[in-house]
Every structure is written in C-alpha cells, then in structure tokens.
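Trainee: Could we go through this model together? I'd like to learn how to read it.

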Amino acid sequence: MLSDPIAAWGTPPGRSAVAVVRLSGTGAFDVAARVIRRFSAEPFREARLATFLGSEGEPIDRGLYLTFKGPRSETGEDVVELHPHGGLLVPAQLLAALHAAGARPARPGEFTRRAVLNGKMDLLQAEAVADLVDATAAAQGRSALRQLEGGLSRRLSGLRDRLIELLALLGYEVDFPEEDDGPVSRETLRGLSLDLGLEVERLLATAPLGERLHDGALVVLAGRPNAGKSSLFNALLGSDRALVTELPGTTRDTIEAATAVEGWPVRLADTAGLWDAPGRLDALGVEVSRRYLAAADLVLLCVEAGRELGDDEQAIVGERPVIVVRTKSDLTGRRADGQAGSEEPCVSVVTGEGLDTLRHAIVARLFGAGEGYADLEPMLTRERHRVALARAAAELAAATPQLAPRGDPVLAAHHVRLAVSALDELIGVVGTEEIFDRIFSRFCVGK
Ligand SMILES: Nc1nc2c(ncn2[C@@H]2O[C@H](COP(=O)(O)OP(=O)(O)OP(=O)(O)O)[C@@H](O)[C@H]2O)c(=O)[nH]1
Ligand SMILES: [Mg+2]
C-alpha cells in the first residue's frame, strides 16, 4: 500500500543530544497515540513535550514531538516527528515501539518518494535533496540548493510548455493540411523547433561542468619518483595521508581522497612516480598511475623547481590538462628560481609558499568556466539528466527538417511528442517505477 504508515530514523544512529524519528502515512496519528503519552494531533506544527513509551508501554524518554496534517507536510501525508534524546538505545527503542504500534520500517528514500508522488516536489528536486545531504564542498551545496529550490525544474518545465505549444500549433497543420497558412506559417514553426533545439543544446552544454561539480573533479598528482607528489598531496589535504620518504618509489598504490579546494569538490589522487621501475611491484604501481593519468580532469605534474622538463614530462604536458607544479621551491634559494616569468606555480611544503596560488590555479582550471554562469544557469548534474536531454535534442533535430516545405508535419509532431516525453521522464511527470526505484534506492532510510 502506498500510504501505509512508515517510520525511520531521520538522523544517523550514534551519540547526539537529540535524534529525529519520523513517521508518515495514513493513520500516523493513531500509531503515534500508542507511543506518545497523552498524544494530541492538534495543534499542528507546534512542538510539545511528552513522555515516549516503549513497546511494552513503559516510559523510555521525554522529548518533543510535532504533528503535520497532510497534505501540508513534507510527504503530503500525516506526519509526526519525534525528537528523543540521541544515542543508540532510546531512538531504537522508540522506533521499535512505533513498529509494534503499526508503522512499517521505511525503505531508503521512501519519505522523499512519497513527497514526489504526492506532488510536493518533482524528481529533480528529490535528487537535489540527496545531493545536498551528500555534499562535501560548498559549491556542491549551493548547486544542490538551487536545484532543490526549483531552478532546473522551472527551466525544464518552461521548455516543456513551449514544446506543448509547438505541438498544438502542429496539430493545426496536421488537421488542415490543405490550408496554405495555418495560424502560423510552416517557416515560423520550423523556427520555433530550431530555437527549442538550441535551448536544449545550451542546457546540455552545462552537463560536463555540472557533473564535475556533482561527482568532484579528479585531480591526479603525477611526476617522477621523489618529485614531492605525496608531500603536496598531504599539504593540499591538510593531513598526513600518504607516506613521505627521501627514497624514490615510496608510493606504490594510488591513494585517493575527497576534499574541497576553495569550496570546490575535488578527488585528489597521489600516484606512484613514473619511471622505468626495476621491480614488479613498482612497475604495477606505474601502470596504475598511467590509468589515473588517462582519467584525470587535471594533472598536477610535479617537477622540482629549477630543473628542465624531460621528454617524459613534456609528453604528459602534451596529452592531458596539466598544471606543471614546481616543487621544493625552498631548496632553490630564490623564489621561482629558474622559472622567472613562467606560469608554473612554485610551491614548498616546508614553508607553505605557493600553495594558495596553486589552489587558485586548480579551481580556475577546473571550474573557471562555471564561476560566471553557475549563478545564472541551472546545470545538469547527473548522467540521467544528460541522457534525457540528449534524447530531446535528437528528437528536435529530427523534427525540424520535417517542417520545411516538403516535410511531413505528422512526423514532426511525432518527434516533438517524443521530446516532450523525454522531459516528462526527467522531471518526473510520468514516473515509471523503474526510474523511481533507481533514484530512491540510493537515499538514506529516513529521507
Ligand atoms: N625541502 C623540501 N623537501 C621536500 C618538499 N617536498 C618534498 N620534499 C622531500 O622530498 C622527498 C620526496 O618527497 P615525496 O613527497 O615522498 O615525493 P614523491 O614524489 O611522493 O615520491 P615517490 O612516492 O617516491 O614517487 C622527501 O624527502 C620530502 O621530504 C619541499 O617542498 N621542500
Ligand atoms: Mg609518493
């Protein structure tokens, strides 16, 4: 049943002053009345202090609870939010009592799923809820919040409205083919279709940056053994994750760590030095480094300050987006010695010199394009968005030529309709179970 009462933790289990346990569905107030002493559903949306009872009716805690009458609630159903003390025991006892009183344990994402089904938010906003919860960098949070507030949804529904309008106009063409000129000329219709196609393309163009923002950019530290990669990795992370020694070949396994650089999400990878490794293990490490290099959004090629780049290093500069980082600048005596006037940041993990400049350069290279328009344009942040819009773009590209003088408006209408259904699926107007399952299964239980 869709609206049967469900209950789950809204906060992660563990030591905390307060925990949140949520209950939603038809009959939620009856369930709550069995677990909250002297429960009263009204007044709604006002916190009250009460004694919470365990499965045997014994008092287990005192805390606040709130009630929300559907549809004016997050899920659109009757909702009770209970705030027991945190820790492992009490919230678990309370949840067990709620389950004994008739609520079923919620599945991952089930609260948000109900919110979507009840029209409280669309699928894009639901994804934004998950993104906001998962965000680790400020820029990710901002982007998720914008999507949650409906930025992308509005843009896409605007697009959908215009497609429907085009369909309506096309309907006239289809119904009265013998008329020379319908309410609007063929040429105008073709122009409309072309414009819509361009707008879809514009949105699609935000996908690489949007997805990079969503997933974090892969920044790979590479270079010869002993170049100072692991030292720089640790300095950028602000913690000693990777081993550092004066022995060449210290790092063998690639180490990956998620971090934020000036508020932007980055996955930093420290790799084994690139060299003709004598041993089997070292050689394996080099192989992994090469794989990471090939996948990198940006390579930080570490080269000691004051040294000319070798052919091996030049080759890397040629093939990937690279920042050549001059390391150990404290050893060369003078700052930027040997690289005067060059764009290559000089850093020292000993003095901390150049690290801020490097951070700046990393962000500019990875997200620079987005700093300008990120605030204006909603971005496509997931593969799902990109695939659906690419389908819409392809349908529009197929529709437009059919609006030329010798084209077939029936075929054009068919393609525009398919473009609409691509958007519908994206926004969640027509939720197929499969899409819903895929999206909500990644949520935490209490969301
Ligand atoms: N003076 C000085 N020494 C540094 C600096 N960065 C690294 N080193 C030293 O250089 C040596 C190698 O540093 P690592 O960070 O292990 O170099 P790596 O590139 O990771 O080396 P492999 O893992 O062997 O490929 C160590 O002895 C570090 O202490 C720096 O900025 N200044
Ligand atoms: Mg290393």
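Mentor: Sure, starting with a definition: helices (H or I, at least four residues) and strands (E, at least two) are DSSP runs, numbered from the N terminus. This is a predicted model, where local features need pLDDT of at least 70, side-chain atom pairs count only at pLDDT 80 or more, and totals for chains, interfaces and linings use all residues. Residues are numbered from 1 along each chain as its sequence is written, chains are lettered from A and ligands numbered from 1 in the order in which they are written, and side-chain values use heavy atoms, with hydrogens and water left out.

Trainee: Where is Val-410, and is Val-410 buried, exposed or partly exposed?

Mentor: Val-410 sits in helix 14. Buried means under 20% relative accessible area, exposed over 50%, and partly exposed in between (1.4 Å probe, protein chains only). Val-410 has 49% relative accessibility, so Val-410 counts as partly exposed.

Trainee: How far apart in space are Val-410 and Ala-399?

Mentor: Along the sequence, Val-410 and Ala-399 are eleven residues apart. In space, going C-alpha to C-alpha, the distance between Val-410 and Ala-399 is 9.6 Å.

Trainee: How are helix 13 and helix 14 oriented to each other?

Mentor: Axes are lines fitted to C-alpha atoms, for helices over the stretch in contact, and angles run from 0 to 180 degrees between N-to-C directions. Helix 13 (residues 383-399) and helix 14 (residues 409-427) pack at about 170°, with axes 8 Å apart. Angles under 35 degrees count as roughly parallel, over 145 as roughly antiparallel, 65 to 115 as roughly perpendicular and the rest as oblique. Helix 13 and helix 14 are therefore roughly antiparallel.

Trainee: And what about helix 4 and helix 5, at what angle do they cross?

Mentor: Helix 4 covers residues 123-134 and helix 5 residues 138-148. Their axes come within 8 Å. That pair, helix 4 and helix 5, is also described as roughly antiparallel, and the crossing angle is roughly 155°.

Trainee: Which residues coordinate the magnesium ion (ligand 2)?

Mentor: Donors are N, O and S atoms within 2.8 Å of the metal (3.2 Å for Na, K and Ca); water is not among the atoms, so sites may look incomplete. Here the distances are 2.0 to 2.1 Å, and the donors come from Ser-230 (OG) and Thr-251 (OG1).

Trainee: Why does that pair tie together separate parts?

Mentor: Ser-230 lies in helix 9 (residues 229-237), while Thr-251 is in the loop between helix 9 and strand 10 (255-261). Ser-230 is buried at 9% relative accessible area, and Thr-251 is buried too at 13%. So the pair ties together parts whose separation in sequence is 21 residues.
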